[in-house]
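Colleague: Could you take a close look at the largest cavity for me? I would like to know which residues line the largest cavity.

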Amino acid sequence: MQPVVLVTGASSGIGSALCKRLLQEDAEVRLCLACRSMQKAAATKAMLLAAHPAAQVTFVHLDVSSLESVLQAASEIQCRKAVHMLSTAEGLLTQEDCITADGLQAVFETNLFGHFILIRQLKPLLCCLEKPSLLIWTSSSNARKSAFTLTDYQHSKGKESYSSSKYAIDLASVALNKHFNKQGLYSSVVCPGLVMTNLTYGILPSFFWKLLMPIMWIIRFFTKSYTLTPYNGAEAQVWLFKQKPESLDALMKYHSCTSPMGKNYVESQKMDVEEETTEIFYQKLLELEKHVLARLNAPFSSK
């Protein structure tokens, strides 16, 4: 069976670069682009087909900051026989926060919870003992344990929403492995390094980046995490695509790195997580899932 890969945030940045690189690795891979903008998704599909005319590329509307959109996308994706890999987008790159229409913290919902609901809805496609599936979460080196608390896991009272959400991703990935490895579903976490995307450029005015970019390219000679381009930043995802999911270490975060000479490679580092905390957080996610799905009159599975 040809591998089916679902990529969220596939219309730009690392998501778009990942799709290009996956087709370079395996021209028969079947890509599903999950994007908020259908216009950008169509443009990305056209770009991919221009380079790989025989490629099988589809797209679906998905806004992970809206649970209605997540449920609708899951319903459309379920017509497929299987999903062998799901790679999540970078999410919101901001420490500032607001409330979504679902009544959730925007950074938490966009970076973690919307994807968590999508994964739970797609369990029948993802769980397969004969051909294990792989989840790839985009985390960060800025995923700090000190920014996260179980009593305020949405980080409604703090000032480090991004750091908290990325650490929450690390916790959720470990917990998902505990609960789903025996069903053929494995979860891994990556850090793309410092990548210049639309998200990054939005942090500072454009003239600042024009001044900083020459300096950043110089720094890259001394700092392996300065991957800078989306192509380089997707290195860890591409490497994971080529591994057997069951051979990966659930406690490792896989970092995209670039050498001074521009060679890409992957390094693994153990995550600073405690098993008890991962399980408590997972149960809290299930409780929140049950609550929001009841409000939306959607089915809930406690398994």
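Modeller: Happy to! The lining of the largest cavity consists of Val7, Thr8, Gly9, Ile14, Gly15, Leu18, Ser87, Thr88, Ala89, Glu90, Thr138 and Gln237. Strand S1 (4–8) and helix H1 (13–25) are the elements that give two or more residues to this lining; helices (H or I, at least four residues) and strands (E, at least two) are DSSP runs, numbered from the N terminus. H1 gives the most, with three residues.

Please keep in mind that this is a predicted model, where local features need pLDDT of at least 70 and side-chain atom pairs count only at pLDDT 80 or more, while totals for chains, interfaces and linings use all residues. Residues are numbered from 1 along each chain as its sequence is written, and side-chain values use heavy atoms, leaving out hydrogens and water.

By cavity I mean a set of points, on a 1 Å grid over the protein atoms alone, where a 1.4 Å probe fits but cannot get out; lining residues have an atom within 4 Å of a point. The structure holds one cavity of 30 Å³ or more, and the largest cavity contains about 50 Å³ of space. That volume is the space filled by probe spheres set on the points, with grid points joined across faces, edges and corners.

As for chemistry, the lining divides into four nonpolar, seven polar and one charged residue. Here Ala, Val, Leu, Ile, Met, Phe, Trp, Tyr, Cys and Pro count as nonpolar, Asp, Glu, Lys and Arg as charged, and the others, Gly among them, as polar.

Key
1 Å grid on protein atoms, 1.4 Å probe; cavity = no way out; pocket = protein on both sides within 12 Å on 5 of 7 lines; lining within 4 Å.
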